[in-house]
Amino acid sequence: MPNNYVGQRVRRTEDPRLIKGLAHYVDDIALPGTLHVAFVRSVYAHAKINSVDTSAALATPGVVAVYTGKDVAGKIGPVPCASALPGLKVPDHRVMATDKVYFVGHPIAAVVATDRYAARDAVDLVAVDYEDLPVVTDVEAAAAGGTVIHESFGDNIAYKMTAGEGDIEAAFAAAERTLKQRILHKRLAPIAMEPRGVLARYFPGEEELTLWSSTQIPHLMRTQVALMIGFPENKLRVITPEVGGGFGSKLNVYAEEALLSWISMQLNKPVKWIETRRENILATIHGRGQVGDIEVAFKNDGTITGLRYNVFADLGAYHQLLTPAIPTLTGLMLSGAYKIPAIQINITGCFTNKMATDAYRGAGRPEATYVVERAMDLVAADLGADPAEIRRRNFPRKDEFPFHTATGLDYDSGDYEAALDKAQEIIGYKQLREQQKQARDEGRLMGIGVSTYVEICALGPSQAMPAGGWESATVRIEPTGKVTVLTGASPHGQGQETSFAQIVADELGISINDITVIHGDTGVVQYGIGTFGSRATAVGGTAVFVAVQKLKEKAEKIAGHILQAEAGRLSFEGGKYSLAKAAAAGAAGESEPVYPVGEGPAGALPEPQTEGRTSLTIQEVALAAHIAKELPPDTEPGLSATYFFEPKNFTFPFGTHIAVVEVDRETGDIKFLRYVAVDDCGKVINPMLVDGQVHGGIVQSIGQAMYEEVVYDEQGQLITGTLMDYALPRAKHIPNFELDRTETPSPVNPLGVKGVGEAGTIGSTPAIVGAIVDALAPFGVKHLDMPIKPEDVWRVINDDSRSV
Amino acid sequence: MIPAAFDYKAPATLEEAVSLLAGDPDGAKVLAGGHSLIPAMKLRLAQPQLLVDIARIKSLSYIREEGNQILIGATTTHYELESSDLLKRICPLLPACAATIGDVQVRNKGTIGGSIAHSDPAGDWPAAVLALDADLVLVGPNGERTVKATDFFIDLLTTDLQPGEILREIRIAKPSGRFGQAYQKVPHPASGFAVVGVAVHLSLNDDGSCKSAQIGVTGVGTKAYRAEGVETALAGKSLDEQTIAAAAAHVCDGVDPNADLYASSDYRCHLAQIHTKRAIQAAKA
Amino acid sequence: MKLEGTHELEATRERVYQSLVNPDVLQRCIPGCQRLERTGENTFAATIRAGVGSIKGVFDGNVRLEDLREPDHFRIVVDGKGPPGFLKGAGDLDLQQEGAITKVKYAGDVQVGGTIAGVGQRMIQGTAKMMAVQFFTCLGAEAKVAPGEPPPKQGFFRNALRWFSGWLKSLFRR
């Protein structure tokens, strides 16, 4: 099939409405009579609630109702956790606090009013009598003892887990060399540009509930909310309007979604809540939050023989949907891009008096890549070897795929050397090292950081997923020849309305403008899993692709029947089914009149003119399928196909990032000199979208490496409460990227696609940190924890105990 | 992020504004660009009952050269100051300082008067007007008075502005003879405010040595201040590298440098020293 | 947050100590204090309009004096709640006589929570120090006056403080 679209930088069909401000986000949906909700949230990190006095709030004009945790505790089920790790302690976390709060931001009461101003004013009038309790913020201290957050558990350890294959003890016992490094992954706030928002509307007559939510998983949410409020799932409709970013923070089922649904049923009115930015930083899940030690056993030639990661995971005060599962994803990727025969992860997942952590772009895998890559740099430094060479020495070869790792995974395909070669070539690695030597002689502090990463995505085989890892698609051609694609994926900025249309357009030989891709409406789209884990194209796109093949099979059957083709004598090209001789004639330049669908008397749909035809457009086939007068025997009318794709494996994108920085001796300022990224996400549907994902991922990596950190003080107060203190990178903080690709198709799906949504975030951070540490190598620095700020650099340079 | 209820009036004249303030001394607050006040209101940390909007009083916004003075109306925006060709010619410290504030959108709303009256410990204008030894003209119910910038900034967010008074004009002596100016700022990566900000005005002798220096520093203490230790160490000296470095070392004298999440007090003081040095070098060039 | 410092007051240790534990003096000197009522032997209920610049809020809370060792030491424990957040603190005050001067050394710990903690981190220390200075400046004037005499009306410090607190009040909401 000739590619008109796939592989091209097709402009997004989403963009015109977004750029013109015509898209509808949750807050843009205006229903008459909507009531507004504002939350009373705990100002203490750990406290008993002695009483909640809502009388003054209720007396405020405009306030319609005030619900407390006690009002709803028996009526709405707990906020769900989908992780089923053995021995996992799951707190019974209700949508609002009843007699205890355990993190700042914990919702205590919901004020419902006729406008959002009255609601917010009344929040100040709700009087909560707290009795504060000692606070647990340090994750290692939480594990060691002291105040227990959920008393019935007896301690703050939610779970312990050990995983990995190979004889790790033997590896360390026999090692020629070993090293160990303590590594911190601070908490990050995903900060999607659009905070969360929920609008719920109950129709008492029809007993139907519609829930609009800025989410990444509309169908899964529908099921969960239905269970939480005891409502029939088939009468609950979840719609995702335009979603302004998610990054994993909206891969969740939050208290507000169930609570607003329930409130709407109590009041028989639409009810809306829009998160403020402060609430977003406070009470939307955080990412990362690990404190650990990486230990490596290796030979004198740099071959890694064993790797162990002992980690405390800061889960927060309770579990959101995937909270405990995230560190287990770290364990899965501890082999990195290397052949490591023995690997072990030891996880202690702990409760602390903070907001729950959960999936944030990379979800456990950035942590893995980071510790492995830091380990490789430390090994190189220990041996006085080049960090790129040490990595290369440990790569599996291209022909060793599928490659089984000591973490129990089978990497699908990969050519790590090709990506490294390409990145080194683009950046001129050898000359760069020479430049560095010269710079050092001149007293300038230049650093080069290399990261060769692999990541696991396209989640995933359902055996390994909590609620299904397949994805669904329906493709149908309407009577007028327009194509509708219904995808269970739930894009929130990724651009699948465009990329899926590209796939379908090429397969059907039609214009991309005749295709519409619908998602995010459980009333319209068949059950789907949603968009996260870089799965939309690899899993969702494959479902679309296979559905189109099924569709084409049927169309071919119908066309063959109408054209009275002999078996095997029908070709499909340029959107047209042709008899062999007609195809030949077409090739010779002759053509046959085509009767465009729809050009009949006004309002009438003309029947296809099929007498004596030697070719039929696919649109004509679609019309014929609906008029149903000339269908082959045993063929259902209509032209639509549905497919649920169950992937047999994850996919493993990979690449090499190289960062070059220079630090200012006087101030510790860090400046990027160059940034090269060579990423392999398998087959590329739309290079522009892939570039965009890599850009975004690198930017969020720069954020983690140099700027971002969610800070709670010892009393559990969130002190980076606004964007005045939580430093997101701005355009001026970002270097120009030099991006390139290798393309190693994945055997896991017919598209050959791996996925790229999180790869940039995963591969980039270690390159940046590696570069900064490399710049400071003359001072004997081996490691610095993120975010690395100018003051941290300055302290290294000015530490008298270090040699200059 | 929703403020408490408030009333709003947009008087047409300064006199009207003053009398509105006098009518409700407890609850009335002046609104100009709003980029310090409105965030505080949205966080409910400030809850004025009446906002008196002076941004619409056209007569309060101007940049004029009058005799040997530069007169700037209090509601002149940062952007207007940044892009003033007149100022670039006769007093480049002002546009240089303006250009470092926030971003383009903020600069089109924020005003020099608002910034000075608010006296954020990391605001840029206080450092610049101190370095220029400006006079500030205040109007209140008892009439008009002029206060030297060096007497105006008293403590954290605290100025000499009395209840009911409005800052209406900033007056700067037009720099004459040979002079050099520069503003060096370390912007906070999140807020854009000055982690440290150093405004330098050097009066130079014909041979390029320093006749006198005026150094305004922000971000380091609870208010902007003149670094007199630096000024004394430069006065009458030649501006070679050693002298500058030695002088810059005094920039935190007498001040207890702030410590916050981004920078400790000794790093902050160190940054102030480095940027004082760089500002002086840029000014003399 | 640690809060510590030393202030020198021109009065005897006894006079300073008595002023420090005198609720009328405390009510006049704690910046923004509108109400300080005795609720027990060494406990008080207070309402304070605290803040700086245009940032302010009303806090309701309690003050407790402990560990009273006249005239050289006592401990003060405070807690307050208001829309902008809450604060809890405790501090030790030690008085040393040096000639005609009393050196008051204070060392304390203050926890702040709520909105001010979330957004005001860079200004909390400065605000606390400023309030401490205002408090001790006022205390210095009060301590100069013998007990039973009317509180100081004349004098530089009192005038300075009067316009200061008047100015502060003018920015307060209610």
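**A first look at chains A and B**

1. Welcome to this predicted model. Chain A is a good place to begin: its secondary structure comprises 21 helices and 28 strands.

2. On overall dimensions, the C-alpha trace of chain A spans about 90 × 75 × 45 Å along its principal axes. The radius of gyration of chain A is 29 Å, which agrees with the value near 28 Å that a compact globule of 804 residues would have.

3. Next, the interior and the contacts. Of the 804 residues in chain A, 63% are buried. Among contacts in chain A with a separation of 6 or more, 80% link residues 24 or more positions apart.

4. Turning to the outside, chain A has an accessible surface of about 28600 Å². Carbon and sulfur atoms contribute 50% of that surface.

5. Charges deserve a short remark too. Chain A carries 74 positive and 98 negative charges, and the mean positions of these two groups lie 1 Å apart.

6. Now have a look at chain B, where 4 strands form an open sheet with antiparallel pairing, in the order S11-S12-S13-S14. Strands S11 (178–187) and S14 (225–226) of chain B each have a single partner strand, so they stand at the edges and one side of each is left without a neighbour in the sheet.

7. Within that sheet, strand S12 (residues 194–204) and strand S13 (residues 210–218) of chain B run antiparallel and are joined by 8 bridges. To find your way at the residue level, start from Gly197(B), which stands opposite Thr218(B) in S13(B).

Notes:
Residues are numbered from 1 along each chain as its sequence is written. Chains are lettered from A and ligands numbered from 1 in the order in which they are written. This is a predicted model: local features need pLDDT of at least 70, side-chain atom pairs count only at pLDDT 80 or more; totals for chains, interfaces and linings use all residues. Side-chain values use heavy atoms; hydrogens and water are left out. Helices (H or I, at least four residues) and strands (E, at least two) are DSSP runs, numbered from the N terminus. The radius of gyration is taken over C-alpha atoms; the globule rule is 2.2 Å times the number of residues to the power 0.38. Buried means under 20% relative accessible area, exposed over 50%, partly exposed in between (1.4 Å probe, protein chains only). Contact means heavy atoms within 4.5 Å. Accessible areas come from the Shrake-Rupley method with a 1.4 Å probe; for residues, only the protein chains shown count as cover. Lys and Arg count as positive and Asp and Glu as negative; His and the chain ends are not counted. The place of a charge is taken as NZ of Lys, CZ of Arg, CG of Asp or CD of Glu. Two strands pair if DSSP finds at least two bridges between them.
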